[in-house]
Amino acid sequence: GVGNVSPGNVGNQQTQTVTFVTSTLDALVRWPVIISQAAIVGGVIAHLALQRGLASQAGNSMKAAKRFSLILIAGAVAIAICGTALIFLQASNLVEGSNSQSEYFSTVQSLISNSPAGLVWITRLATSAATAALSAGYYISGKKGGSRFILLAILSAGSISIFSNSMLSHNSAATFLP
């Protein structure tokens with residue numbers, strides 16, 4: 001029960017319909033975002049911890065830097081694509097039963113401009129673009145050394161991307177940024 005529930009008013013129950021906010025498709029689109037965010041942040045932390053060992057093997061370090069950069073770029077692309085798909089999926093859930101394309105695109109526009117989902121989408125796109133650009137820069141600067149700053153910048157972008165998940169969870173009902 002919710003509120004003041006006593007044995008006397010338990011029999012006055014009202015029937016309510018339970019509706020689900022998420023779906024299996026929503027989960028399938030959301031999991032690559034979370035996995036990619038974890039791979040970026042965890043990968044950079046592991047790479048920073050193991051960087052001294054990689055530096056001693058000069059021949060393998062360029063190969064490792066290339067693979068590592070490709071993993072980071074693939075994660076950034078997955079976040080951007082799946083984050084965008086989430087916006088369109090949310091819009092289709094909101095206009096379910098309607099065949100109007102104008103209503104659908106109006107809902108997409110409203111989600112982007114007037115909801116926390118839009119801010120999260122923009123944040124994910126920005127952090128994905130930064131991660132991809134910095135990862136390419138890391139690979140290029142790997143030949144010259146001095147790439148620790150780039151790794152820390154990628155770590156920051158990945159952390160901001162992970163933070164964006166909390167903006168769409170329970171905090172999305174707040175009227176301010178908690």
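Let me begin with a term: a residue is called buried when its relative accessible area is under 20%, exposed when that value is over 50%, and partly exposed in between. With that cut-off in hand, Thr127 counts as buried, because its relative accessible area is 8%. Please keep in mind throughout that what we have on the screen is a predicted model.

I will start with the overall picture and then return to Thr127. The protein has five helices and zero strands, and reading along the sequence one meets the pattern α-α-α-α-α. Of its 178 residues, 31% are buried, and the protein exposes about 11,300 Å², of which carbon and sulfur atoms supply 63%. If we take the contacts with a separation of 6 or more, 75% of them are between residues 24 or more positions apart.

Now to helix α4, which covers residues 116–141 and is where Thr127 has its place. This helix has 26 residues and reaches 36 Å from its first C-alpha to its last, which is close to the 38 Å expected at 1.5 Å a residue. Its buried residues include Trp121, Arg124, Thr127, Thr131 and Tyr138, together with several serines, namely Ser128, Ser135 and Ser141. What does Thr127 contact, once its neighbours within four places in sequence are left aside? The answer is Ala157, Ile160 and Ser161.

Staying with α4 for a moment, Tyr138 brings us to the aromatic rings, for which the count comes to three pairs. In one of these, Phe68 and Tyr138 are arranged edge-to-face, with 5.9 Å from centre to centre and 80 degrees between the planes. This pair links distant parts of the chain, since Phe68 belongs to helix α2, residues 58–94, and Tyr138 to helix α4, with their positions 70 residues apart. Both partners are buried, Phe68 at 11% relative accessibility and Tyr138 with a relative accessible area of 5%.

Another edge-to-face pair is formed by Tyr104 and Phe105, at 5.3 Å centre to centre and with 70 degrees between the planes. Here the two partners fall into separate classes, because Tyr104 counts as buried at 19% relative accessibility, whereas Phe105 is partly exposed with a relative accessible area of 48%. Ring pairs also bring in Phe88, so that Phe88, Tyr104 and Phe105 are linked into a cluster.

Let me turn next to Ile112, which is found in helix α3, residues 101–114. Is this residue buried or partly exposed? It is partly exposed, because its relative accessible area is 27%, and that value lies between the 20% and 50% cut-offs. Not counting residues up to four places away in sequence, Ile112 touches Ile87, Gly118, Leu119 and Trp121; of these, Gly118 and Trp121 are listed among the buried residues of α4. As for Ile87, it stands 25 residues from Ile112 in sequence and 7.8 Å away in space, C-alpha to C-alpha.

The last region is helix α1, which runs over residues 24–55 and contains Trp31. A search of the whole structure finds one salt bridge, and it is here, where the side chains of Arg30 and Asp26 meet at 3.1 Å, N to O. In general, side chains of opposite charge can pair when their charged atoms come close. Why are these two placed to meet? Arg30 and Asp26 are four residues apart in helix α1, and therefore separated by about one helical turn. An α-helix has 3.6 residues a turn, so residues three or four places apart point the same way. Arg30 counts as partly exposed, at 25% relative accessibility, while Asp26 counts as buried, at 7%.

The same helix also contributes to the surface, and Trp31 is partly exposed with a relative accessible area of 49%. Together with Leu25, Leu28 and Ile35, Trp31 forms a nonpolar patch on the surface, and the four have about 440 Å² of accessible area together. Further along, Ala39 is also found in α1, where it counts as partly exposed at 37% relative accessibility. Ala39 and Leu72 are 33 residues apart in sequence, and their C-alpha atoms are 7.7 Å apart in space.

To return to where I began, Thr127 is buried within this predicted model, and its contacts are with Ala157, Ile160 and Ser161 once its sequence neighbours within four places are set aside.

Technical notes. Residues are numbered from 1 along each chain as its sequence is written. Side-chain values use heavy atoms; hydrogens and water are left out. Patches are made of residues with over 30% relative accessible area and no salt bridge: like charges are joined within 9 Å, nonpolar side chains (Val, Leu, Ile, Met, Phe, Trp, Tyr) within 5 Å. Accessible areas come from the Shrake-Rupley method with a 1.4 Å probe; for residues, only the protein chains shown count as cover. Buried means under 20% relative accessible area, exposed over 50%, partly exposed in between (1.4 Å probe, protein chains only). Contact means heavy atoms within 4.5 Å. Rings of Phe, Tyr and Trp (its six-membered ring) pair if their centres lie within 6.5 Å; planes under 30 degrees apart count as stacked, over 60 as edge-to-face and the rest as tilted. The expected span of a helix is 1.5 Å times one less than its number of residues.
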